[in-house]
Amino acid sequence: MPELPEVEVTRRSFADRIAGARIEWVRLGKPLRWPLGLDPQQLVGRRIQGVRRRGKYLLVDLDPGLLLLHLGMSGSLSFGPMPAGAGAHDHFDLGTSLGVLRLNDPRRFGAVVYAPDERSAEAVKLLGRLGVEPLTDAFELETFHAGLRRRNAAVKQVLLAGDLVVGVGNIYASEALFLARIRPTTRASRISRARAGRLREAVREVLARAVAKGGSTLRDFSNAQGEAGYFQLETMVYDREGQPCRVCATPVRAIRQGQRATFYCPFCQK
DNA sequence: AAAAGCCCCTGGATGC
DNA sequence: TGCATCCAGGGGCTTT
């Protein structure tokens, strides 16, 4: 599920509602990817100042400290009135004066990690290698092209790696490469400046559109208000193997790169 | 330094 | 209906 658009949509769906809340209790379910890193009781009494996003991480700013929250492959958050009970996959509850923030994550690839501040070892370990934010002015063509040129791997895998640019997961990598008319198997080092420019624009376009559509709900994604997204209804190639390309009607092709599915149009993408 | 594989975990779809 | 197999939106870690 959650790539940059889903995480950002989630953030927007509860950030304003939770800001200013006081933490009153914490409930932990089964272990997530990493331990919280702090006695949960230590969180009680702290105020939530706001919620930011970095890549696919949510940063819940506390006073003091912060929680780094990741949705993994199957996580979703909800924030609202006290739920009746906890389900089998509800693995983290933050009870606050303004409502309960709950992480539901069947596969438990997600995580909630406490860090004393953004420069602490705990935070740097998770955020330190992240690339530039694609929807900001910091995503510059010069730097992007230079980064691509020094990588020999397939451009799709370089996008997924997240150290050049963050937030592009498996769905949006295929979609962005389609928009840019670049074949996913192209070695990043061989992408011209002009094509890098197209790719940069395509990444921004596809992520911004997905945010506007509330993200993609493939199986079970919903934002913290329980609302589904609709971007999956307009994907150009993702999960459309054998179906006609929406531009040229050539059947969409599926391949595997690094144990992940890639979709592209063999006619439109060179 | 970069790239390729492995693995964490559960559930849904598919095939026999 | 039951069981085995494969696949899934991520990404850190280890090995080449």
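Two residues are taken to be in contact if their C-beta atoms, placed from the backbone, lie within 7 Å. The model described here is predicted. By that contact criterion, the buried residues of helix H5 pack against three elements: helix H4 (155–161), helix H6 (193–212) and strand S10 (260–264).

Helix H5 itself spans residues 170–180. It is mostly covered, with 10 of its 11 residues buried. The buried set begins with Ile171, Tyr172, Ala173, Ser174 and Glu175. It continues with Ala176, Leu177, Phe178, Leu179 and Ala180. Directly after the helix, Arg181 adopts a positive phi of about 60°.

One of the buried H5 residues, Phe178, also touches a loop residue, Met236. Met236 lies in the loop between H6 and strand S9 (253–257). The C-alpha atoms of Met236 and Phe178 are 7.4 Å apart, although 58 residues separate the two in sequence. Neighbours within four places in sequence aside, the contacts of Met236 are Glu175, Phe178 and Arg246. Glu175, like Phe178, is among the buried residues of H5. Met236 has 20 C-beta neighbours inside 10 Å and therefore counts as buried. The cut-off for that class is 20 or more.

At the level of the whole chain, the secondary structure of chain A comprises 6 helices and 10 strands. Chain A has 270 residues, and 40% of them are buried. Its radius of gyration is 19 Å, which agrees with the value near 18 Å for a compact globule of 270 residues. Along the principal axes, the C-alpha atoms fill a box of roughly 55 × 35 × 30 Å. Contacts reach far along the sequence. Among those between residues at least 6 apart, 64% join residues at least 24 apart.

Chain A is divided into domain 1 (4–127) and domain 2 (141–264). The domain centres, taken over C-alpha atoms, are separated by 28 Å. Domain 1 brings 14 residues to the contact, and domain 2 brings 19. On the domain 1 side, helix H1 (4–18) and strand S5 (76–80) each supply at least two residues. H1 gives the most to this side, with 8 residues. The side of domain 1 that touches domain 2 has 6 nonpolar, 5 polar and 3 charged residues.

Strand S8 (residues 111–115) is a buried element outside the helices. All 5 of its 5 residues are buried, so S8 is largely enclosed by the rest of the structure. Ala111, Val113 and Ala115 point one way from the strand. Val112 and Tyr114 point the other way. Both sets are buried. S8 runs antiparallel to strand S4 (residues 66–70), and 5 bridges join the two. Within this pairing, Ala111 of S8 is the bridge partner of His70.

The model also contains DNA strand B, which is surrounded by residues from several stretches of the sequence. These include Ala88, Pro106, Arg107, Arg108 and Phe109. Arg150, Arg151, Asn152, Ala153 and Gln157 also surround the strand. Gly258 and Gln259 complete the set. By class, the surface near DNA strand B has 4 nonpolar, 4 polar and 4 charged residues.

Definitions and conventions:
Residues are numbered from 1 along each chain as its sequence is written. Chains are lettered from A and ligands numbered from 1 in the order in which they are written. This is a predicted model: local features need pLDDT of at least 70, side-chain atom pairs count only at pLDDT 80 or more; totals for chains, interfaces and linings use all residues. A residue is buried if 20 or more other C-beta atoms lie within 10 Å of its own, exposed if 12 or fewer, and partly exposed in between; C-beta atoms are placed from the backbone. Helices (H or I, at least four residues) and strands (E, at least two) are DSSP runs, numbered from the N terminus. Domain bounds come from an automatic or database domain assignment. Ala, Val, Leu, Ile, Met, Phe, Trp, Tyr, Cys and Pro count as nonpolar, Asp, Glu, Lys and Arg as charged, and the others, Gly among them, as polar. A residue is near a molecule or strand if its C-beta atom, placed from the backbone, lies within 6 Å of it. The radius of gyration is taken over C-alpha atoms; the globule rule is 2.2 Å times the number of residues to the power 0.38. Two strands pair if DSSP finds at least two bridges between them.
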